[in-house]
Amino acid sequence: VDREKTCPLLLRVFVNEGQHNLPDAYHRGRVPSNELQIYTWKDASLKELTNLIKDVHPSARAKGTMYNFALAFPDRRGTFHFKEVGTTSVAHTGPDDKLTLQSVRLEIGDFMDVAIRPPNEERSRGDRRAPLRRLGVGGDRGYRTRPY
């Protein structure tokens with residue numbers, strides 16, 4: 001994408017510490033109050049988004065902090081679904097760092113829900129499952145088709 005010639009898209013990002021927002025928070029036009037609006041392009045990587053979020057959330061800058069990204073999108077009835085798309089870490093390189101919004105199949109109008117897990121929380125829980133799985137939501141990182 002030529003960022004000089006291509007208009008950016010508005011990505012509405014909802015950041016929550018510890019776990020993802022509950023799907024019920026996205027209901028009938030309501031959204032969580034922890035919104036961050038980012039103008040970006042479809043070739044933006046998850047690591048790039050991590051760095052933008054760090055700029056706004058100083059508490060999430062500690063080495064080893066984990067960022068778990070999930071797309072939140074509605075079906076035809078307006079019920080929101082989550083699809084985990086990747087995890088990044090502050091000061092560490094991982095396999096999901098280079099995933100782009102296009103490669104995780106973000107569509108204009110989707111939301112990005114981000115769970116931030118401080119390093120001490122990650123170690124103290126001993127629970128390595130992704131935050132959505134602990135909530136009993138989603139958990140399928142596969143790139144399956146949308147329900148609509």
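Let's start in the middle of this predicted model, at V114. Leaving aside residues up to four places away in sequence, V114 touches V13, F14, V15, N16, H20, I53, Y67, N68 and F69. A second, separate core has 7 residues, with Y26, A70, F80 and F111 among them.

What is the setting of V114 itself? The largest nonpolar core has 24 residues, and V114 is one of those that touch the most other members, together with V13, I53, F69 and M112. Several elements feed this core: β1 (9-17), β2 (35-40), α1 (46-56), β3 (66-74) and β5 each give two or more residues to it. Two of the partners that V114 touches, I53 and F69, are thus also on the list of best-connected core members.

From here it is a friendly step over to β3 and its neighbour β4. These two strands run antiparallel and are joined by 9 bridges. If you would like a register mark to find your way, look for M66, which stands opposite S89 in β4. At the turn of this hairpin there are 5 residues between the strands, and G78 there takes a positive phi near 95°. How enclosed is β4? Of its 10 residues, 8 are buried, so β4 is largely enclosed by the rest of the structure.

Just by the hairpin there is a charged pair to visit. R77 forms a salt bridge with D75, and their closest N and O atoms are 3.4 Å apart. Which of the two partners is buried, and which is exposed? R77 has a relative accessible area of 72%, which is over the 50% cut-off, so R77 counts as exposed. D75, in contrast, has a relative accessible area of 10%, under the 20% limit, and is therefore buried.

Following β4 along the chain, we come to the loop between β4 (80-89) and β5 (111-117), where E107 is found. E107 has 36% relative accessibility, so this residue counts as partly exposed. Its C-alpha atom is separated by 9.4 Å from that of L71, a residue 36 places away along the chain.

Now let's turn to the other charged contacts. The structure holds 5 salt bridges, and two of them meet at R3. In one, R3 pairs with D43, the closest N and O atoms being 2.9 Å apart. D43 lies in the loop between β2 and α1, while R3 belongs to the segment before β1, so this pair ties together parts that are 40 residues apart in sequence. In the other, the side chains of R3 and E48 meet at 3.0 Å, N to O. Because E48 lies in helix α1 and R3 in the segment before β1, this contact links parts that are 45 residues apart in sequence.

How accessible are these three residues? R3 is partly exposed at 29% relative accessibility. D43 is partly exposed too, with a relative accessible area of 27%, and E48 is partly exposed with a relative accessible area of 27%. Through their shared partners, the salt bridges join R3, D43 and E48 into one network.

Methods: Residues numbered from 1 in each chain as written. Predicted model: local features only at pLDDT ≥ 70, side-chain atom pairs only at ≥ 80, totals over all residues. Heavy atoms only, no water. Helix = DSSP H or I, 4+ residues; strand = E, 2+ residues; numbered from the N terminus. Buried < 20%, exposed > 50% of the residue type's maximum accessible area, 1.4 Å probe, protein only. Core = buried A, V, L, I, M, F, W, Y, C linked by side-chain atoms within 4.5 Å. Contact = heavy atoms within 4.5 Å. Pairing = 2+ DSSP bridges. Salt bridge = Lys/Arg side-chain N within 4 Å of Asp/Glu carboxyl O.
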